[in-house]
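The following note was prepared for a colleague who asked for a reading of the fold and of a few chosen positions. The points are numbered for ease of reply.

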Amino acid sequence: MAELLKGAPVAAALAERAAADVEACKAKGVIPCLAILRVGERDDDLSYERGATKRCAAAGVEVKNVVLPADVDQDTMMQAIADLNADEAVHGVLMFRPLPKQLNEEACCEALAACKDVDAATIASLAHVFTGKGEGYAPCTAQACMEILAHYGIDPKGKRAAVIGRSLVIGKPVSMMLMGANATVTTCHTKTVDMPSITKEADIVVVAAGRMETIGAEYFKPGQTVIDVGIGWNEEKGKLCGDVKFDEVEPIVDAITPVPGGVGSVTTAVLVSHVVEAAKQVAGL
C-alpha cells in the first residue's frame, strides 16, 4: 500500500508560516491583502473563491472582491486591472481565467502588474519561473506539487522525473521547477511515443494530463512517487477523481497524492503565501 501524500498537513504548515509573516507585516503597518477579480458567476470560480477567502481569513489576510458581469467590455476590464495595480492596499491579484470570449485574455493578463501577479498570469511571472530573474510568482498549482514533495522529504535532486502535460499552468512550469531542484526531467504530451516506457523509468511522476482517469497501472512500477494534479467529477462513480486510475496505481507505487485531498488542498495555501510574500516586499521584510 502506497503512502498517501495528503495535502492537509502541507497546507497547515504553509498557513502557520504565513500567519507568522502576516503578524510581522502588521507590525510594520502593512496588512496583506488579496484582490480577487472575477468575471461572471462560473461555479468553479466561485468554489475556488470560497476556498481562497477562507484560507486568507485563517491567516489574517484581507480579501477584496471585484466582480464584473459576464458581458463586461474590454475597456471596463482593463480599468479594473489598472485600479488594482494602483491600489497600494492590494498586494496580490488573483484574476480568474479563462475570461469570456469577448475579452482579449492575453491583453488582460499582461496589464496586470507582475509584482501583484500571485498566480502567474503574466509572461513576466513565467519568465521568473524559467529564469529565476525578475518579478512574479510561480503558478500556485505547480508550486503546490513542489511543496508536497518538500513536506514529505522527497528530494528531486539527482532523481529522474516525468511530467505528463505541457501546459503553461502546470506541465511546463513544474518541469522547470523540478529541474531547478536538480532533477532530470522528461516532459511528456499527446505526441509522445510509448509514454509508459518513459514514465516507468522515472522516480517522480507528475500527472497533469487534463483527462480524468486516463493514466493506469501500465505507466508505473514499484518505488515511484506520483503527484496527481488532475481533478474532475466522475458521473458514473459519483465522486471526484484525478487523471490517475487511483485504484490501479496505488497498490504499485510507493507514494501518491489522493484526489481529492492532495494537490488541490495545497494550492490555496500557496496562493496565500504568495500574497504574504508580496506584502513582505512592501513592508521591507
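Which residues in helix 7 are buried?

1. The model under discussion is predicted. In helix 7 (residues 171-180), the buried residues are Gly171, Pro173, Val174, Ser175, Met177 and Leu178. The elements that cover them include helix 5 (123-131), helix 6, strand 5, strand 6 and strand 7. After helix 7 comes asparagine 182, which has a positive phi near 75 degrees.

2. Helix 6 (residues 140-151) deserves separate comment, as one of the elements that cover helix 7. The axes of helix 6 and helix 7 come within 8 Å and cross at roughly 35 degrees, and the crossing is right-handed. Helix 6 contributes Ala142, Gln143, Cys145, Met146 and Leu149 to the contact, while helix 7 contributes Pro173, Val174, Met177 and Leu178. By class, eight of these residues are nonpolar, one is polar and none is charged. Pro173, Val174, Met177 and Leu178 of helix 7 thus appear both in the contact with helix 6 and among the buried residues of helix 7.

3. Helix 6 also meets the sheet: this helix lies across strand 7 and strand 8 (225-228), and it runs at about 145 degrees to strand 8. The sheet itself is open, with six strands in the order 1-11-8-7-5-6 and parallel pairing. Strand 1 (3-4) and strand 6 (184-188) are its edge strands, each pairing on one side only. As general background, strands of a sheet pair through backbone hydrogen bonds, in either a parallel or an antiparallel manner.

4. The pairings can be followed strand by strand. Strand 5 (residues 160-164) pairs in the parallel sense with strand 7 (residues 204-207) over four bridges, and alanine 162 stands opposite valine 205 of strand 7. Strand 7 is in turn joined to strand 8 by four bridges, again running parallel; here isoleucine 204 faces threonine 225 of strand 8. Strand 8 then pairs with strand 11 (residues 255-256) in the parallel sense over two bridges, where isoleucine 256 is the bridge partner of valine 226.

5. Which residues of strand 8 point one way, and which the other way? Thr225 and Ile227 point to one side, Val226 and Asp228 to the other, and all are buried. In a regular strand the side chains alternate between the two faces of the sheet. The reader may note that Asp228 is included among these buried residues.

6. Asparagine 234 is located in strand 9 (residues 232-234). Why does asparagine 234 count as buried? Its relative accessibility is 9%, and buried means under 20%, so asparagine 234 meets the criterion. The side chain of asparagine 234 makes a polar contact of 2.9 Å with the side chain of glutamate 213. Beyond residues up to four places away in sequence, asparagine 234 touches Met212, Glu213, Lys239 and Cys241. Glutamate 213 therefore figures both as a polar partner and in this list of contacts.

7. Threonine 192 lies in the loop between strand 6 and helix 8 (195-199). With a relative accessible area of 19%, threonine 192 is buried, because the limit is under 20%. A polar atom of the threonine 192 side chain lies 2.8 Å from the backbone nitrogen of histidine 189. With neighbours within four places in sequence left aside, threonine 192 is in contact with Thr187 and Ile198.

Note on methods. Residues numbered from 1 in each chain as written. Predicted model: local features only at pLDDT ≥ 70, side-chain atom pairs only at ≥ 80, totals over all residues. Heavy atoms only, no water. Buried < 20%, exposed > 50% of the residue type's maximum accessible area, 1.4 Å probe, protein only. Polar contact = N/O pair within 3.5 Å; in protein donor to acceptor, adjacent residues only side chain to side chain. Contact = heavy atoms within 4.5 Å. Pairing = 2+ DSSP bridges. Axes fitted to C-alpha atoms, helices over the stretch in contact; angles between N-to-C directions. Left-handed = near helix turned anticlockwise from the far one by under 90°. Nonpolar A, V, L, I, M, F, W, Y, C, P; charged D, E, K, R; others polar.
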